[in-house]
Amino acid sequence: MATETQTKPAPRETDTGEGDGYAHYARKEEITRAAIEGGTIVALCGFRFSPVRDPQRFPVCPKCKELAAMLWGEA
């Protein structure tokens, strides 16, 4: 009788942005910290991600853009 071992990936505590097709706005200090120390940051819209991709390759998150316009007068 043989026993079978099954493995499955460990569940993630945070969403790292995989599958998300947007570039998000976040505080510059948080982006710098995450780039140096690693880890995730929280965008203006509340999306939690790891800043490891080139944001210029993606459209800006509509919710982040709207919130940035309200906070800083940018669009």
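**Notes on a predicted α-β-β-α chain**

1. Let me start with a side-chain pair: E30 and R33 make a salt bridge, and their closest N and O atoms sit 3.1 Å apart. Both residues belong to helix 1, with a spacing of 3 residues, or about one turn of the helix. Bear in mind while looking at this pair that the model is predicted.

2. How exposed are the two partners? E30 has a relative accessible area of 27%, so it is partly exposed, since that value falls between the 20% and 50% cut-offs. R33 also comes out as partly exposed, at 27% relative accessibility. As for the wider point, side chains of opposite charge can pair when their charged atoms come close.

3. The structure has 2 salt bridges. Besides E30 with R33, there is R27 with E29, where the closest N and O atoms are 3.4 Å apart. Here R27 and E29 are both exposed.

4. Now the helix itself. Helix 1 covers residues 28-37, and just 1 of its 10 residues is buried, so the helix lies largely in the open. Right after helix 1 comes G38, with a positive phi of about 85 degrees.

5. On the overall layout: the chain has 2 helices and 2 strands, and along the sequence they run α-β-β-α. Strand 1 takes residues 41-42, strand 2 takes 48-49, and helix 2 takes 62-72. Contacts between residues 24 or more positions apart make up 50% of those in the chain with a separation of 6 or more.

6. Which residues form the largest nonpolar core? There are 9 of them: A26, A34, I41, A43, C45, F47, F49, C61 and C64. As a rule, nonpolar side chains in soluble globular proteins tend to be buried together. Across the 75 residues of the chain, 21% count as buried. The accessible surface is about 6,200 Å², and carbon and sulfur atoms supply 53% of that.

7. H24 is worth a look. It sits in the segment before helix 1 and counts as buried, because its relative accessibility is 14%, under the 20% cut-off. Beyond its neighbours within four places in sequence, H24 contacts A43, C45, F47, F49, C61 and C64, and each of these six is listed in the largest nonpolar core.

8. C45 gives the view from the other side. Setting aside neighbours within four places in sequence, C45 touches H24, C61, K63, C64 and L67. Of these partners, C61 and C64 are among the core residues.

9. Is S50 buried or exposed? S50 is buried, because its relative accessible area is 18%, again under 20%. This serine is in the loop between strand 2 and helix 2. A polar atom of the S50 side chain lies 3.3 Å from the backbone oxygen of G39.

10. Last, how far to trust the coordinates. The chain averages a pLDDT of 79, and 72% of the residues score at least 70. Among the helices and strands, helix 1 has the lowest confidence with a mean of 91, while strand 1 has the highest at 94. Residues 7-19 are another matter: pLDDT stays under 50 there, and the model gives this stretch 14 contacts beyond four places in sequence. Where pLDDT is low, the predicted coordinates should not be read in detail.

Key: Residues are numbered from 1 along each chain as its sequence is written. This is a predicted model: local features need pLDDT of at least 70, side-chain atom pairs count only at pLDDT 80 or more; totals for chains, interfaces and linings use all residues. Side-chain values use heavy atoms; hydrogens and water are left out. pLDDT is the predictor's confidence in each residue, from 0 to 100. Helices (H or I, at least four residues) and strands (E, at least two) are DSSP runs, numbered from the N terminus. Contact means heavy atoms within 4.5 Å. Buried means under 20% relative accessible area, exposed over 50%, partly exposed in between (1.4 Å probe, protein chains only). A polar contact is a pair of N or O atoms within 3.5 Å; within protein, one must be able to donate a hydrogen and the other to accept it, and residues adjacent in sequence count only if both atoms are side-chain atoms. A nonpolar core is a set of buried Ala, Val, Leu, Ile, Met, Phe, Trp, Tyr and Cys residues joined through side-chain atoms within 4.5 Å. Accessible areas come from the Shrake-Rupley method with a 1.4 Å probe; for residues, only the protein chains shown count as cover. A salt bridge is a side-chain nitrogen of Lys or Arg within 4 Å of a carboxyl oxygen of Asp or Glu.
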